Amino acid sequence: MTHLTLVRHGQTDWNLARRIQGSTDIPLNEKGREDARWAAEKLAAGTHHAVYTSPLLRAKETAEIIAERLGLEVAGVVPDIREREFGDGEGMLVPDYIATYGDWHAEVPGAESLREVGDRAIEALNTIAREARRRSSPRAESVIVVAHGGVIRAVIDHVSGGTLPRDGEVLQNGSAHRFVAAPGYLRLLEESPVL
């Protein structure tokens, strides 16, 4: 059994402007660095064995801040936990995106569906959990994975059978959600963020 704590990266200027980032590689702003330090302090209350990250700058910098505070190295960069590809919607302001496409589940040219994001992210999380189990002693491994709002939302949606997160619920920058993973099994341990 492996505990996975999915942490949303800190704030960026595009988050602040409510602009859709998707795979656009936007760095953290100063508030985002504060979000990462805050998350690191909260995570320091527990025991963690590894930190993994998305390849996008905002996640990597968040992971580095957390890893440094916890005295860990970033164990790996995992391409399949990168943010959802928004295709033609990438770079749009959220109100303009909703006005143009209707909702987050709409088919947008060049965009991934929430289901596609969930499938690739869950496979990546299972790989991380397998790697952690191979490295661990008989105790459960606790791993931090720094990802993105769309990825965390897709994973929660999948493991809850579509009942969570609730419509309109925002996953805050720096928030964390804890899961337990075992071969062929992924479960959300807490409905609300742990931070």
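What percentage of the 195 residues of the chain count as buried? The answer is 48%, and this holds for a predicted model. The legends below start with the whole chain and then move to single sites.

**Figure 1. The whole chain, with its six helices and six strands.** Following the sequence, you can trace the pattern β-α-α-β-α-β-α-α-β-α-β-β. The C-alpha trace spans about 50 × 35 × 25 Å along its principal axes. The radius of gyration is 16 Å, which agrees with the value near 16 Å for a compact globule of 195 residues. Among contacts with a separation of 6 or more, 70% are between residues 24 or more positions apart. The accessible surface comes to about 9100 Å², and carbon and sulfur atoms hold 49% of that surface. As for charge, the chain has 23 positive and 29 negative charges, and their mean positions are 5 Å apart.

**Figure 2. A close-up of Thr-53 in strand S2.** Strand S2 covers residues 50–53. Is Thr-53 buried or exposed? Its relative accessibility is 1%, so Thr-53 counts as buried. Beyond its neighbours within four places in sequence, Thr-53 is in contact with a set of residues that includes Val-74, Gly-76, Val-77, Val-78, Ile-81 and Val-146. Ala-59 is also one of these contacts, and the side chain of Thr-53 reaches the backbone oxygen of Ala-59 at 3.2 Å.

**Figure 3. A close-up of Asn-15 in helix H1 and its partner Asn-173.** Which residue's side chain makes a polar contact with the side chain of Asn-15? It is Asn-173, at 3.2 Å. These two residues are 158 residues apart along the chain, yet their C-alpha atoms are separated by 8.7 Å. Asn-15 also touches Arg-8, His-9, Gly-10 and Gln-21, leaving out residues up to four places away in sequence. With a relative accessible area of 17%, Asn-15 is buried, because the cut-off for that class is under 20%.

**Figure 4. Helix H6 and what covers its buried residues.** Helix H6 runs over residues 149–159. Its buried residues are Gly-149, Gly-150, Val-151, Ile-152, Ala-154, Val-155 and Ile-156. An α-helix has 3.6 residues a turn, so residues three or four places apart point the same way. What covers the buried residues of H6 includes helix H5 (114–135) and the strands S1 (2–8), S4 (141–147), S5 and S6 (185–188). After H6 comes Gly-161, with a positive phi near 70 degrees.

**Figure 5. Two backbone details in loops, at Pro-165 and Arg-18.** Which residues are joined by a cis peptide bond? They are Leu-164 and Pro-165, and omega is about -15 degrees. Pro-165 sits in the loop between helix H6 and strand S5 (176–182). Now look at Arg-18, in the loop between helix H1 (13–17) and helix H2 (30–43). Arg-18 is a residue other than glycine with a positive phi, near 60 degrees.

**Figure 6. Gly-102 in the loop between helices H4 and H5.** Helix H4 spans residues 94–101. Gly-102 counts as partly exposed because its relative accessibility is 48%. Its C-alpha atom is separated by 12 Å from that of Gly-89, and the two glycines are 13 residues apart along the chain.

Technical notes
Residues are numbered from 1 along each chain as its sequence is written. This is a predicted model: local features need pLDDT of at least 70, side-chain atom pairs count only at pLDDT 80 or more; totals for chains, interfaces and linings use all residues. Side-chain values use heavy atoms; hydrogens and water are left out. Helices (H or I, at least four residues) and strands (E, at least two) are DSSP runs, numbered from the N terminus. Buried means under 20% relative accessible area, exposed over 50%, partly exposed in between (1.4 Å probe, protein chains only). A polar contact is a pair of N or O atoms within 3.5 Å; within protein, one must be able to donate a hydrogen and the other to accept it, and residues adjacent in sequence count only if both atoms are side-chain atoms. Contact means heavy atoms within 4.5 Å. The radius of gyration is taken over C-alpha atoms; the globule rule is 2.2 Å times the number of residues to the power 0.38. Accessible areas come from the Shrake-Rupley method with a 1.4 Å probe; for residues, only the protein chains shown count as cover. Lys and Arg count as positive and Asp and Glu as negative; His and the chain ends are not counted. The place of a charge is taken as NZ of Lys, CZ of Arg, CG of Asp or CD of Glu.
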